[in-house]
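Reader: I would like a close look at a single part of this model, namely one place where two helices pack against each other. Please state the cut-offs behind each term as you go.

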Amino acid sequence: MRQIGKNIYSVGAVDWVRRLFDELIPLPDGTSYNSYLVKGSKATALIDGVDPARHEDLLENIIDSEITNLDYIICNHAEQDHSGAIEDLAVLYPQAKVVTNEKCKGFLMDLLDLTQDRFKVIEDGETLSLGNKTLKFIFTPWVHWPETMCTYLVEDKILFSCDFFGSHLATAELFVKNEQAVYEPAKRYYAEIMMPFRSNIEKNIAKVTAEKIEMIAPSHGPIYQNPQFIINCYKDWGADKFVNRVMIPFVSMHESTAVMVYYFAKALMQRNVEVKLFNMSSADVGQLAITLVDTPTLIVGSPQVLGGAHPAVANAVFLANALRPKTKFAGIIGSYGWGGKMVEQIKGMMEHFKAELFEPVIAKGLPKNDDYKNLDLLADKIVEKHKALGIA
Ligand code: FEO
């Protein structure tokens, strides 16, 4: 248990060892499930719980806080990494009401063993008095579930934002001390969790910043005493701002696709375009997601295997499509031996991309002169498009 303000404590858990989130995104820096205890003169509230795997940390911290009573358990978001420990708390504090919105209550009743009578349902903008402290609930739907909300502690001007503004970073530091160190873990978090809901994020930033915020206390990663840092990051990542870069997730089985990818990467570099390659047989898909945030052009490199795209490349395209990135231009390069439907398959997996598609460059076996020429032409076209975006 650590104090973050007068009668406000951090009581969650740092998960130093977790290495995969959603069984999908690698966590090179671990993560945390933050939970906050607010003691008012008349009532005490806990804001969000922790992942069930670390519920003992939360219970120990609450016991350390020596509270005699817990009146409210505020649930900003029903996903189990925050709500999972609520069931145990509800047993430990049978008089405590679970405070949340109607939609979140429905999810919690689906996910946990909680009965109707345990809930106090609140509306958007409603306040809850703890005596000398007041909680205000601000609904922020789709950051990243439909029921997500934030809790604003009026007197202390702290926004408890749950997933919103979070980062996957296990650290001993309660507060962000080095903004550059938290930038990438926050971007990794944004890329997987928030990027698919970009337009909602913009609206919800405007909504929460209508309050004067002096501190953002998310439920993953350290607390921001300079809230503008992460607010500005979110604005940048959501805006139509791009780097003069091409990203190339690829796989090659017998080097033909690799020869094309390396030639193409060199052609781009010679044209002063930054290139990021991801060999999908070993790449960190979190890095792939991070790169999607501000890269305007995605070129997929795949051989044809068993009549279609290589599954490791298909996985990258499937994930990128699910993340609904703001990619402006896309293309496919690769090689085949005896035919197949690789191009059609990859195109078919890009339904959420609003990107302009370039003509594919596909070689039979090793690339020949015409294939190299077409790769050069593709590099020229990308430069032209990036110039039009004002980034080349
Ligand atoms: Fe951190 Fe959407 O849960």
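Author: What follows describes one helix pair and then the domains of the chain. The model is predicted, with local features needing pLDDT of at least 70 and side-chain atom pairs counting only at pLDDT 80 or more, while totals for chains, interfaces and linings use all residues. Residues are numbered from 1 along each chain as its sequence is written.

Two packed helices are described by the angle between their axes and the distance between the axes. Here the axes of helix α8 (residues 256-270) and helix α12 (residues 369-389) come within 9 Å and cross at roughly 40°, and that makes α8 oblique to α12. Helices are DSSP runs of H or I with at least four residues, strands are runs of E with at least two, and both are numbered from the N terminus; axes are lines fitted to C-alpha atoms, for helices over the stretch in contact, with angles from 0 to 180 degrees between N-to-C directions. Angles under 35 degrees count as roughly parallel, over 145 as roughly antiparallel, 65 to 115 as roughly perpendicular, and the rest as oblique.

On the α8 side, M260, Y263, F264, A267 and L268 meet D371, Y372, L375, D376, A379 and I382 of α12, where contact means that C-beta atoms, placed from the backbone, lie within 7 Å. The residues of this contact divide into nine nonpolar, no polar and two charged.

As for the wider setting, the chain is divided into domain 1 (2-238) and domain 2 (246-385), with bounds from an automatic or database domain assignment. The C-alpha centres of these two domains lie 38 Å apart, and their contact takes 11 residues from domain 1 and 12 residues from domain 2.

Technical notes. Contact = placed C-beta atoms within 7 Å. Nonpolar A, V, L, I, M, F, W, Y, C, P; charged D, E, K, R; others polar.
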